[in-house]
Amino acid sequence: MEKNVALIIVDVQNCFMPWDVLPVPGGDEVVPVFNRYIKLFNRHGLPIYATRDWHPEVTHHFKEYGGQWPPHCIQGTEGAKFHADLELLDDVEIVSAGMDPNTEGYSSFEGTNEQGVSLEESLRKRGVKHLYLGGLATDYCVKFTSLDALQRGFRVTLLADAVRGVEVQPGDSQRAIEAMIRAGARIGNYKDVEEEFGGVGGVGKR
Ligand code: VGL
C-alpha cells in the first residue's frame, strides 16, 4: 500500500440527509461506512479530510437568487454540521467550500481549511498523491471534486459503498460514476481497501 494516500469525506452534512432540506436518498447510510474507513485510515496514521458545503445566506447557488437549490448548509447553522454519528477525530482536517456567492462551488478544490490553505496545497504539503473519496452527493460535489482531483494529477479511488446521489434525474449518479471512471478514477469498496492496507488488523505490510 502506498503511504501517500488520504481519505476524503465529502459533505456528510445534516442538510443532505433524506429527511432534510436537500435530501439525498440513503445519505445517512454512508455514515457507518465512513466510520469504518475512518478507523482504518486512523490505524494506519493516514490523513483524513472532511469537506463541507459552507454557503453564505445569499448565493447564486440558491433558487431565490437564480440558482437551482433550496437554501442549505448555511455557515454556522445546524444544517451545515456534519452528521452527528460521523466519528470524526480531532486531527481531521476540515475543508469548507461553496463560500463564493458567485459560483456553484461544487468542488472541494475550491475550498480551504481553517487556516485558509486550499485543499490542493494542503494535500501537496502532506505528500498526498492518491485520494480515497466518497460522500454526498455522487452527482454533484463528489463528481466535481473527483474530476478536479484527477485533472490536477491526483489518483482517485471512488469509495462506491460510501457515496449516494441526489438524482435530480434518475441515472444521474450512474452517469457521474461513469464520468469519473472515464476520467481515470478507479472504484473501491471497504473490503478492497482493507485488503490493500494489509488485511484485517494488518498494519505491517506498507
Ligand atoms: C451538493 C447539491 C447542491 C453536494 C451541494 O454537496 O453534492 N449537491 N449543493
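User: Which atom of the ligand is 3.1 Å from an N or O atom in the side chain of His 61?

Analyst: First, the ground rules: this is a predicted model, where local features need pLDDT of at least 70 and side-chain atom pairs count only at pLDDT 80 or more, while totals for chains, interfaces and linings use all residues. Residues are numbered from 1 along each chain as its sequence is written, and side-chain values use heavy atoms, with hydrogens and water left out. Now, a polar contact is a pair of N or O atoms within 3.5 Å. With His 61, the ligand's partner is a nitrogen atom. An oxygen atom of the ligand is 2.8 Å from a side-chain N or O atom of Asp 11, and a backbone N or O atom of Cys 141 lies 2.9 Å from a ligand oxygen atom.

User: How much of the ligand's accessible area does the protein cover?

Analyst: Accessible areas come from the Shrake-Rupley method with a 1.4 Å probe. On its own the ligand has 260 Å², and the protein covers 100% of that.

User: Which residues surround the ligand?

Analyst: Take residues with a heavy atom within 4 Å of the ligand. Among them are Phe 16, Leu 22, Trp 69, His 72 and Tyr 106. The shell splits into eight nonpolar, two polar and two charged residues; Asp, Glu, Lys and Arg count as charged, Ala, Val, Leu, Ile, Met, Phe, Trp, Tyr, Cys and Pro as nonpolar, and the others, Gly among them, as polar.

User: What about the backbone: where is the peptide bond cis?

Analyst: Most peptide bonds are trans, and most residues other than glycine have a negative phi. Here the bond from Leu 136 to Ala 137 is cis, with omega near -10 degrees. Asp 11 is not glycine, yet its phi is positive, near 50 degrees.

User: Why is the pair of Phe 34 and Tyr 37 called tilted?

Analyst: Rings of Phe, Tyr and Trp (its six-membered ring) pair if their centres lie within 6.5 Å; planes under 30 degrees apart count as stacked, over 60 as edge-to-face and the rest as tilted. The whole structure has nine aromatic pairs. In this one the centres are 6.3 Å apart and the planes stand at 55 degrees, so the pair of Phe 34 and Tyr 37 is tilted.

Note on methods: A polar contact is a pair of N or O atoms within 3.5 Å; within protein, one must be able to donate a hydrogen and the other to accept it, and residues adjacent in sequence count only if both atoms are side-chain atoms.
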